[in-house]
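Work through the exercises below with the model open. Try each task before reading its solution.

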Amino acid sequence: MSFKNILEDWARYRRTREDGGFHVYEHKWGMAIDLNKCIGCNACSVACYAENNLAVVGPERFAKNQVMHWMRIERYWDEPQLAQAVPASQYQENGGSFLPMLCQQCMAATCEPVCPVAATYHTPDGLNAQVYNRCVGSRYCSNNCPYRLRYFNWFSYYESSWPAPLHMQLNPDLTVRDKGVMEKCTFCVQRIRRAKDKAKMDNRKLGDFEFQTACQQTCPTTAIVFGDLMDPETQVSKLWAAHQVELGKAEQDKENPDLRGYRVFEALNTDPKIMYMERVREV
Amino acid sequence: MQTKDINEQIKWAQINNDVLRSLENPRMAYWVAVGICVAMIACAVIGVGYVYTTGQGTLDLYWPDMWGTWIGTFIFWIGMSHSGTLLSAILHIVHADWRKPIYRFAEAMTTFSLMTAGLFPIIHLGRMWNLYWVIPYASDRGIWPNFRSPLVWDAFAIFTYLTSSALFLYIGMVPDLAICRDNARGWRKKLYTVLSLGWAGTDRQWRNFRKTYLLMACFLIPLAVSVHSIVSSDFAMSIMPGWHVTTFPPYFVAGALYSGCAAIITLFIILRYFFRFEEYMTIPILEKTCKLTFVIAMAWTYLNAIEFATVWYGPDQVDKELLINKFTGPYSPYFWAMLFFGSVMPFTLAFEKLRRHIPTMFVVSLFLNVGMWLERWMIVSPTLSLSYEPFAWKVVWPSIVQWAVVFGSFGWFGLLFLVFVKVFPSVSMYEVKEMVYHRRRAVVDDNAKALHRRSSDPQPAAEMPGA
Amino acid sequence: MSVKNRGSWRRLGVSHSRCNERCDVGAILAALLALMLALTMLLPANAAYAADEGGFSVPITAPTPEGYDGGYADDGFKVPNAVPPKGAYDGVNVEQPIEFPHYIHTKVNQINCMYCHTYARRSKVAGIPPLSKCMSCHLVIATDKPRIKKLTEYWEKGIAPPWKKVHDVPDFVHFTHEKHLKKFIFDNPGMPVEKAFEVCAFCHGEVKNMTVARKVKPLNMGFCVRCHEANNGPNDCWKCHK
Amino acid sequence: MSGNEINRRDFLKIMGLSGAGAALAGCDMPSYMTLEQGKEEVIPYVVPEEFNIPGVGVWYASTCRQCPAGCGTHGRVREGRVLKVEGNPGSPINRGKLCQMGQSGLQGHYNPDRLTKPLVRKSGSLVEANWDEAMDAIKQHVGSGGAGNRFAWFTGTVSGHQAVLLQAHLEAMGSGSGHHYVHEVVNTAVSQAVNREVLGEALPRYRFDQARMILSFGADFLGPWQSPVHFSTEYAKFRAAPRGILVQVEPKMTLTGANADLWLAVRPGTEGVLALGIANALLTKHNRDAGQLPADVRNTIARYDLDTVTRITDVPGDRITKVAAWLNERGPSLVLSGLSAEGQEHGYDTAAAAMLLNIILGNVGKTIVSSGSFPFPQLVAREGSTQSLSAFAEALDKGAYDAVFFYDTNPVFTAPDYMALGAKLDKVPFKVVFTNFRDETAMHADVVLPIYSQYEEWGTHVPAYQGEGSFISVQQPVMNPLYDTTRGFGDVMIDLLKMRAPDKYASFKDYYGYLQQAFASFPAEVKQGAASEEAFWQQSLQQGMVPVKRKEGGALTAKAAAVAIPDYSQNAQYPYHLIPSPRLGMWDGRHANVPWLQEAPDQISKVVWDSWAEIHPDTAQKLGVAEGDYLRITSDQGTIEVKVYIFKGIHRDAIAVPLGQGHEEYGRYAKGRGVNPLKILSPLKDGKTGELAMFGTRVQAVKAGRNEKLVRMGGSEIQAGRKLVATVTADVFRRTEGGGKDVL
Amino acid sequence: MSKHRIMGLFSDFEQAFAAIAEIRAHQIPGVSVDDVTLKSPIEHPEIEEVLGERSSHVPKFTLMGATFGITFGFLFLASAQATFLVQPQGGKAVVPFPSNFVLTYEMLILFGVLFTLVSFLISARMLRRRDTLYSEMVSLDQVGVLLEVDEKNAQALKSLFQRHKVVDIREEVVR
């Protein structure tokens with residue numbers, strides 16, 4: 001049994017540069033977020049709270065940045081790319097730039113190799129998993145995440161965050177994290193698994209849009225598209241292809257450099273699975 | 001002005017007496033010191049208990065700086081532990097005789113600071129009761145620790161280092177324990193009889209002892225280097241700006257030796273003062289230690305400069321930003337303080353007058369260690385709170401609980417050391433005897449040459465050992 | 001080595017010192033080999049996985065439960081294409097509002113488990129049969145029995161009996177019945193559905209021999225993992241821990 | 001689903017099955033050590049519904065009641081608990097989408113501070129009582145005798161059959177619809193009035209998808225405006241290639257402003273001038289024909305040349321010309337006006353001026369088309385206004401009422417201090433409040449009736465703005481009531497009606513029965529040839545709505561209204577303008593008790609759990625305040641002290657304090673948090689419509705001296721040169737993706 | 001006939017060495033220098049001169065330990081990684097050499113040190129009670145020369161010690 005493992009596994013060496021381990025992937029769940037459509041309305045963030053049992057920490061702890069939002073909307077005032085185009089005005093005439101930030105589900109995730117107990121690892125469907133009940137809370141993963149997308153349960157929030165009967169809203173499909181555990185966006189793995197099980201139960205392939213992540217489902221401007229990057233027929237893979245963004249590249253070589261697709265901190269070679277499409281502004 | 005490392009006229013009996021006396025009837029000052037240490041430990045214990053019950057949040061750790069001062073202090077203590085290795089192992093191999101009177105307590109420091117350091121990674125865990133998951137044990141779940149994680153390397157390295165250095169300390173002590181055994185009474189007699197492993201000073205024992213000691217020393221040197229390199233890889237292996245630095249291993253090792261030597265000077269002075277070890281911990285030896293410290297300090301400064309330079313001329317914008325941030329940002333006061341204590345302070349060691357002025361040295365050595373602690377903190381926190389993601393930039397001052405535990409760790413170290421100096425000889429008697437013996441031989445030979453006599457001829461009675 | 005027999009060594013014509021070391025060397029070598037062996041024994045290779053009776057899981061201490069005949073089905077039927085999980089556990093006897101006799105239903109009357117626990121093949125939970133289901137039979141069958149009388153009271157009051165939970169996994173474990181039944185029963189060639197209880201027995205023990213169900217399998221991670229390995233189940237943490 | 005309610009309630013019963021409880025990661029020890037057998041209980045169903053499987057979620061269609069927009073929702077139910085709410089893809093309003101308020105309705109429903117028992121005022125104080133006492137109290141006041149036209153209903157926006165029942169009740173009381181006050185702080189009353197005059201239709205349909213440019217005078221259509229989610233979805237169409245231009249003109253940057261291509265900070269109250277200025281530019285520079293405009297209007301426009309406008313509005317001339325040029329070439333365009341522009345004493349004229357631009361640009365009929373009229377007038381939404389609030393206050397001054405009933409509104413919180421509404425209410429002999437929470441108004445009531453939450457309640461709704469198509473949105477309970485001591489609003493209404501008009505309503509067991517009959521009585525074309533009434537009922541519940549055919553309104557014709565905007569005047573004593581800006585999350589403050597929304601940062605300032613005052617850096621410099629310093633803001637009506645947030649998205653003369661906080665009651669999450677800017681509004685009204693001039697208040701501001709950390713999310717506000725949000729120009733976008741080359 | 005164990009305590013090291021030198025020169029019949037046990041308070045490099053080479057086996061054990069550390073360390077780690085239920089690679093090899101090198105290195109040192117220690121205890125004859133002739137002066141400042149001789153040679157040996165200004169002679173008769 002396990003000797004088999006030894007022999008088999010020893011025979012495997014790293015294939016190419018980080019390809020997310022030796023897994024034979026079933027899926028590679030990915031996203032495409034159109035910043036031209038995103039209005040930064042926070043609906044996705046709240047939907048995430050509702051779906052994933054996120055704790056509400058309250059103002060005192062929020063003040064210390066002990067926060068819990070897997071999906072956060074970053075707001076910036078400047079436009080580095082258009083700096084010349086915008087005349088410096090004493091008014092914010094170019095509006096704000098909104099960036100929905102959720103776990104990038106990197107294929108070469110920097111958080112994975114550093115976890116001492118292997119509580120975070122890569123699943124066969126290309127997700128960057130966090131196993132709560134294995135986590136010992138060394139917080140190394142978060143410290144090694146350039147996107148700062150991992151959040152730590154500084155306290156036990158169960159009583160403080162869900163006083164009865166608020167706890168009745170908690171989603172039984174996934175665990176409520178206790179104190180001392182790291183957590184992060186899971187691409188709504190409970191929905192993924194529910195859909196996959198359903199498909200499996202009636203022996204068919206899992207179709208595109210058969211399920212949606214909570215953020216995608218609620219996004220009023222449909223800025224978020226989620227799907228399987230391994231299946232070229234899904235809308236998300238079409239988007240990636242259309243914007244000439246590919247996995248496994250530290251730098252995209254595009255025939256048409258004007259195409260808007262890009263990945264945040266691509267050059268760090270973490271190979272994130274979320275593609276953003278540049279914000280557009282009339283100048 | 002004293003120039004000799006040690007006075008060769010000193011009687012061996014006196015050596016025994018002086019050292020053994022240091023083990024006897026502690027004075028008031030000792031008990032006061034113990035009391036203070038215990039109080040400090042109490043602070044830490046209360047703090048940790050509070051964290052354990054409420055959660056790590058009470059440390060005012062936050063997103064994104066999730067490590068704070070505890071990990072910094074962890075590195076600090078690890079670094080402290082390199083002193084013993086340096087003095088006993090390296091200097092032993094290069095036959096630097098002057099180490100002999102002072103290496104014993106240095107090694108003790110090594111062991112105890114390791115015992116202190118080891119605590120921090122444990123208590124900083126969010127769920128410390130699951131610590132054992134880091135140990136590679138066979139479970140029916142088929143789950144192992146992730147051997148890729150530098151934290152696991154830490155666990156291995158620290159365990160190895162603790163074991164080895166403790167054994168090194170102990171083995172080096174055996175002949176002295178025999179001496180204690182022969183002079184002790186009551187429970188001490190029993191204790192030393194057991195500990196001295198039946199040492200009788202036969203040539204066979206001495207022979208194997210020499211070999212063993214040498215081999216252990218040989219193991220300890222690369223081990224010490226590897227340990228701090230591994231600790232540095234906690235950071236160097238990551239991709240965060242300010243951590244992802246190739247010079248980190250040597251930088252850490254240098255820093256470690258640095259703080260170690262500084263700590264040696266401190267304890268040197270304390271022991272010399274309280275145990276009246278003027279005969280053995282002599283000014284020239286202090287001077288030598290200071291010179292060594294100075295050299296290391298300069299090495300450390302150089303490595304610092306290298307790091308700045310590589311960042312400054314390197315391609316990584318974010319890294320550069322962070323560096324600028326360290327110099328000008330919210331952490332700048334501490335950063336400048338670190339540079340001052342670490343690179344400017346040591347120049348006091350370059351002046352003979354100051355080197356020989358004990359109070360100055362005491363103060364300086366303390367400041368050097370403050371600088372070293374700041375260095376460690378400046379490695380951990382700025383990177384975490386000001387890194388790639390601007391939206392996450394945030395600086396929160398560590399809470400009182402954090403400080404209490406850091407503070408208490410010194411008490412823990414102090415207590416261990418205090419116990420040590422009263423139970424074990426903090427000066428190696430047999431090595432000092434050797435030192436004296438060889439010097440005496442040297443002197444005798446000189447006289448012999450002068451007087452055209454064989455050195456094996458009977459010497460004037462005055463020079464008879466033990467006469 | 002005491003002083004006395006030095007002479008004897010000398011007679012062998014070897015200097016005592018060297019000889020002593022040699023035999024010391026032998027001892028060390030032996031010890032070394034022993035240590036190496038012992039440590040390799042520690043490898044899960046030999047210890048955990050090949051562990052019979054569940055390796056590190058809780059061993060049976062108390063006597064086997066009432067009406068539990070130990071072995072598998074009477075007719076020696078074995079579930080095809082399946083390696084039953086190893087391991088045993090000695091659960092407590094749970095006090096139920098009505099002492100439900102499983103064996104009468106399954107063993108005596110040969111009722112399929114999934115007739116009552118009907119959700120098992122459609123949901124992650126097997127579900128406790130609704131009161132109406134019980135009454136569909138017991139409006140007419142065995143109405144004089146005390147247990148049934150009790151049941152009928154509940155029915156007339158229109159409230160369900162508060163059954164106590166016997167088999168439970170921690171909240172951070174998400175076990176699904178449907179997938180397991182699919183693999184071992186419905187997608188299992190040569191597996192007659194009427195033998196379903198054999199599959200249920202994998203984790204629930206021989207319920208068909210029990211009155212009130214009783215936990216007789218450890219249902220801990222080792223138990224699951226070994227079965228998953230033996231039957232090529234998924235080895236992905238997130239399959240069960242979400 | 002059978003028509004029998006008992007049954008339905010039964011299968012919605014919360015059952016304790018595995019996973020029904022919250023799954024807590026108490027994973028300290030190996031499982032076999034923590035798990036105890038025979039402790040937890042598993043309660044099976046008594047009679048199951050065949051499609052309801054434990055451990056598997058079931059979805060029920062319903063309607064969102066978080067704001068008047070009336071989006072369709074789906075509620076996910078498992079083991080009888082509603083766990084998640086999603087948009088109903090069938091609903092033409094939100095197309096399966098929801099905003100953050102819609103998402104967090106759950107926390108209103110499960111809120112720990114929910115009112116579970118009726119409250120009755122006994123010897124001056126409200127005490128818990130049972131329903132019989134409460135209903136008796138009501139009976140003896142308005143049961144059979146009395147009241148007449150000394151009775152009034154004060155509600156938020158109501159529509160559908162609730163509105164019918166309200167109407168019926170008013171008549172049964174002998175009072176008339178004139179005594180039904182509908183109050184909403186966030187409304188579009190002014191622009192509706194203008195539309196009614198200019199276009200002859202209060203709420204035409206705005207075709208964002210047709211528009212190639214939108215010029216919005218403070219219409220925060222992505223935030224709290226007419227229908228947030230609907231216009232967000234429309235906005236997405238508008239932004240798809242070829243991409244339309246959005247220009248936002250307002251004193252304080254709203255969410256829409258933050259998404260605009262060009263955001264213009266205008267001096268508060270001078271939006272109309274800017275509109276006329278642009279009109280002027282269009283007529284003079286781009287010689288658009290002004291033929292259809294009456295002479296006086298043309299003269300008015302002529303008065304506002306570029307320099308004048310720049311001087312008055314404080315908007316640079318080149319921006320004005322740019323906008324005019326854009327409007328000229330990027331037709332068809334759409335000009336909107338919203339709260340911040342209309343909340344002035346001359347708000348009506350401002351809105352009219354904006355509409356004037358639409359006329360000049362010929363948008364009417366292109367991007368502003370008739371929405372026809374709804375076939376069932378009795379179901380149409382009674383839309384709220386602030387005029388009704390002041391009217392009500394005046395009525396109370398006259399002591400016009402003996403009994404007032406409140407539903408779905410909280411006037412004591414939203415009314416400015418000068419109205420002293422609380423005190424006036426106390427003079428009213430009998431007040432009944434239908435509510436879910438102990439809110440400010442409830443504290444002044446004589447009887448407080450705890451009603452079902454939106455997920456326990458039956459009802460029908462007809463959203464005022466429905467986009468394409470039109471329908472009646474159905475609200476059905478997605479779960480069993482949490483507390484059997486609460487009752488449905490509809491059920492109580494039926495009982496009230498039974499008191500006054502037993503003959504007509506005795507036949508109805510409850511609101512559920514009433515609705516079923518109502519549905520049965522729908523004309524055939526509505527029933528879409530459903531096989532039976534039961535089938536129709538089922539299908540309506542499943543769709544969550546009943547599509548109905550509108551009467552087409554035909555082409556719109558516009559006749560320009562006269563515009564008269566007073567000159568802008570500085571006020572030496574009160575140099576600043578107070579902007580009580582509504583937020584998408586808090587709306588008018590009704591969601592302040594929802595922890596999710598309190599913790600969800602404001603989109604612009606990213607502040608959480610608090611109120612703040614937005615001011616411009618220059619202003620901050622003038623006042624000598626930094627972020628977190630308290631600012632003392634004083635109007636002629638009172639003073640508030642609030643922390644400062646400094647950014648460039650607000651006009652120098654403006655101080656914006658968001659609505660929503662400053663509750664004195666309303667549960668643990670809302671109580672005593674922040675300030676309520678509405679309290680210090682000056683008594684100003686829009687001349688024509690009588691709407692409160694919410695944005696007309698002048699204030700003075702001084703540094704209070706106190707300082708406290710402003711709890712905000714996030715650190716740096718600039719990207720520090722990293723490629724986080726990359727931006728390209730629209731030209732590039734059109735070149736790559738526009739004009740058929742659309743990449744998906 | 002009985003055997004005598006005789007220990008002479010010298011305070012002057014030179015004298016002690018001289019005495020041993022004489023023994024080496026076979027002045028006393030039946031007494032070889034191999035039998036001499038020298039007890040001293042410090043470690044003398046000079047001992048080699050007078051006692052002649054006496055080998056130590058510690059290094060062999062050390063080597064053994066190091067080798068064991070390497071082999072066992074690597075095997076253990078690698079098999080552990082290979083038998084990991086779920087392979088949490090995240091893009092790295094199953095048996096990654098960098099990390100295994102580091103860990104194996106630590107194991108090497110650990111076992112090296114442990115074996116060295118054990119071999120010291122064994123080959124230095126530690127952990128057994130001191131013989132009756134042990135003098136505490138040895139741990140102070142005197143050198144002891146211990147020999148076991150036949151009765152007839154005892155006197156000769158003593159006189160030899162006397163010649164070299166022995167401070168004290170201790171003697172015991174074994175059997």
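**Exercise 1: a sheet in chain D**

Six bridges join β3(D) to β4(D), and the two strands run antiparallel. Keep in mind that this is a predicted model.

*Task.* Find the order of the strands in the open sheet that holds β2, β3 and β4 of chain D, and name its edge strands.

*Solution.*
- Step 1. Take the pair β3(D) and β4(D), with its six bridges. In this pair, D:V77 stands opposite D:V82 of β4(D).
- Step 2. Look for the pairing of β2(D). β2(D) and β3(D), residues 72–78, are antiparallel and share six bridges. Here D:S62 has D:T73 of β3(D) as its bridge partner.
- Step 3. Put the pairs together. The open sheet has three strands in the order β2-β3-β4 (chain D), paired antiparallel.
- Step 4. Name the edges. β2 (58–63) and β4 (81–87) of chain D each pair on one side only, which makes them the edge strands.
- Step 5. Add the twist. From one strand to the next, the twist averages 30°.

**Exercise 2: the turn and the edge**

*Task.* State how many residues lie between β3(D) and β4(D) in their hairpin. Then explain why β4(D) is largely enclosed.

*Solution.*
- Step 1. Go to the hairpin formed by β3(D) and β4(D): two residues lie between the strands.
- Step 2. Check the backbone in the turn. D:E79 has a positive phi of about 50°.
- Step 3. Count burial along β4(D), where buried means under 20% relative accessible area. Seven of the seven residues of β4(D) are buried, so the rest of the structure largely encloses this strand.

**Exercise 3: the largest cavity**

*Task.* Describe the largest cavity by its volume, its lining and the classes of its lining residues.

*Solution.*
- Step 1. Start with the space. The largest cavity holds about 690 Å³.
- Step 2. Find the centre. The lining has 38 residues, and those closest to the centre are D:R65, D:D408, D:N436, D:F437 and D:Y666.
- Step 3. Assign elements. In chain D, α4 (105–109), α17 (411–414), β16 (430–435) and α20 (489–500) each give two or more residues to the lining. α4(D) gives the largest share, three residues.
- Step 4. Sort by class. The lining has 20 polar, eleven nonpolar and seven charged residues.

**Exercise 4: chain contacts**

*Task.* Which two chains have the most contacts? How far apart are the nearest C-alpha atoms of chains D and E?

*Solution.*
- Step 1. Nine pairs of chains touch, and chains A and D have the most contacts among them.
- Step 2. Chains D and E do not touch. Their nearest C-alpha atoms are 17 Å apart.

How values were computed. Residues numbered from 1 in each chain as written. Chains lettered and ligands numbered in written order. Predicted model: local features only at pLDDT ≥ 70, side-chain atom pairs only at ≥ 80, totals over all residues. Heavy atoms only, no water. 1 Å grid on protein atoms, 1.4 Å probe; cavity = no way out; pocket = protein on both sides within 12 Å on 5 of 7 lines; lining within 4 Å. Points joined across faces, edges and corners; volume = space filled by probe spheres on them. Helix = DSSP H or I, 4+ residues; strand = E, 2+ residues; numbered from the N terminus. Nonpolar A, V, L, I, M, F, W, Y, C, P; charged D, E, K, R; others polar. Contact = heavy atoms within 4.5 Å. Pairing = 2+ DSSP bridges. Axes fitted to C-alpha atoms, helices over the stretch in contact; angles between N-to-C directions. Buried < 20%, exposed > 50% of the residue type's maximum accessible area, 1.4 Å probe, protein only.
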